[in-house]
Amino acid sequence: MASLDPVLDKDGVRLTVDEAIATVTLTNPAKRNAQSPALWRALAEAGRLLPGTVRVVVLRAEGMSFSAGLDRQAFTPEGFEGEPSFIDLARGSDAELDATIAGYQEGFTWWRRSDIVSIAAVQGHAIGAGFQLALACDLRVVADDVQFAMRETSLGLVPDLTGTHPLVGLVGYARALEICATGRFVTAEEAVSTGLANLAVPVGQLDEAVRDLGAALLAAPRDALVETKALLQGAVDRTYEDQRVAERAAQGRRLRDLAGVGD
């Protein structure tokens, strides 16, 4: 991977941009890229700093693990310095609690913007918040040593970092419930067979596989890819007939654009 000056490098998150491809890297391998509110804010900032030239965003992590989930310090009485502890959150009003969690979620919401395609390159453990961060992306390429797990329910909590919607969409309600309720590991083979991951490769080939996928995505005309992504994203909530209408409208826009004819 080429050495590029980072656009952002703080709180365990580094953003670099190479023309149409941006790379967001989790940079705390000593703690297995454990997550904190500061990291979530840095992820949200990375999304805001993306130049308009970017078409593909790769999410990767340094070290043996993608992310071991929430930093255990969150479960101590004092929590993180300068941040509300779990006890503080519990004592706040419903509105305050909702606003705080909504702020945390901002680091997970921008990855499915219609103007980009995001790819998570996942190796080793992706647990809890780490699993949800991988789920935030459009596509997932995993190493053959990957171990996904949703441990929140086992800790008396619920997954609240936007992971439940994509999980159900990918593997279905029954399997999603079983994965969350048991907290068990999902390996690479199951991830691919259930649609949770697009591709599994040996650990040493992970970066190369992601580069190849990114190049294939860039081969498609940008506007056509943006329209296609929006069309597919909306399909879940549309009826068959509504989707037919949406297809016709999208194709009409593309044909007019290609022919240089305005609306």
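**Exercise 1. Which helix or strand gives the most to the lining of the second largest pocket?**

Start with the ground rules. This is a predicted model, in which local features need pLDDT of at least 70, side-chain atom pairs count only at pLDDT 80 or more, and totals for chains, interfaces and linings use all residues. Residues are numbered from 1 along each chain as its sequence is written, and side-chain values use heavy atoms, with hydrogens and water left out.

Step 1: fix the terms. On a 1 Å grid over the protein atoms alone, a pocket is an open set of points with protein on both sides within 12 Å along at least five of seven lines; a cavity is a set where a 1.4 Å probe fits but cannot get out; lining residues have an atom within 4 Å of a point. Helices (H or I, at least four residues) and strands (E, at least two) are DSSP runs, numbered from the N terminus.

Step 2: list the suppliers. β7 (139-143), α5 (164-171) and α9 (222-235) each give at least two residues.

Step 3: pick the top one. α9 leads with five residues.

Step 4: add the setting. The second largest pocket has 19 lining residues, with Arg-112, Asp-138, Leu-232, Gln-233 and Val-236 nearest its centre. Its volume is about 610 Å³, a volume being the space filled by probe spheres set on grid points joined across faces, edges and corners.

**Exercise 2. Describe the largest pocket by volume, lining and class.**

Step 1: the volume is about 910 Å³.

Step 2: 37 residues line this pocket, and Leu-70, Phe-75, Phe-86, Leu-155 and Leu-157 lie nearest its centre. Elements giving two or more of the lining residues are α1 (37-48), α2 (86-91), α3 (94-109), β6 (125-127) and α4 (129-136).

Step 3: sort the lining. Ala, Val, Leu, Ile, Met, Phe, Trp, Tyr, Cys and Pro count as nonpolar, Asp, Glu, Lys and Arg as charged, the others, Gly among them, as polar. The largest pocket scores 22 nonpolar, seven polar and eight charged.

**Exercise 3. Characterise the largest cavity.**

Step 1: one cavity of 30 Å³ or more turns up in the whole structure. The largest cavity holds about 40 Å³.

Step 2: its lining includes Arg-55, Asp-115, Arg-222 and Lys-229. Here α9 gives the most, with four residues.

Step 3: the classes are four nonpolar, one polar and four charged.

**Exercise 4. Classify two aromatic pairs.**

Step 1: apply the cut-offs. Rings of Phe, Tyr and Trp (its six-membered ring) pair if their centres lie within 6.5 Å; planes under 30 degrees apart are stacked, over 60 edge-to-face, the rest tilted. The search finds five pairs.

Step 2: Trp-40 and Tyr-104 sit 4.9 Å apart, centre to centre, with 55 degrees between the planes: tilted. Trp-40 is in helix α1 and Tyr-104 in helix α3, so the pair ties together parts 64 residues apart in sequence. Both residues are buried (under 20% relative accessible area; exposed is over 50%, partly exposed in between; 1.4 Å probe, protein chains only).

Step 3: Trp-110 and Trp-111 give 3.9 Å and 25 degrees: stacked.

**Exercise 5. Explain why Cys-137 is in no disulfide.**

Step 1: a disulfide is a pair of cysteine sulfur atoms within 2.5 Å.

Step 2: the closest cysteine sulfur to that of Cys-137 is in Cys-180, 18 Å away, too far for a bond. The structure holds zero disulfides.

Step 3: check exposure. Cys-137 is buried at 0% relative accessible area. Cys-180 counts as buried at 12%.
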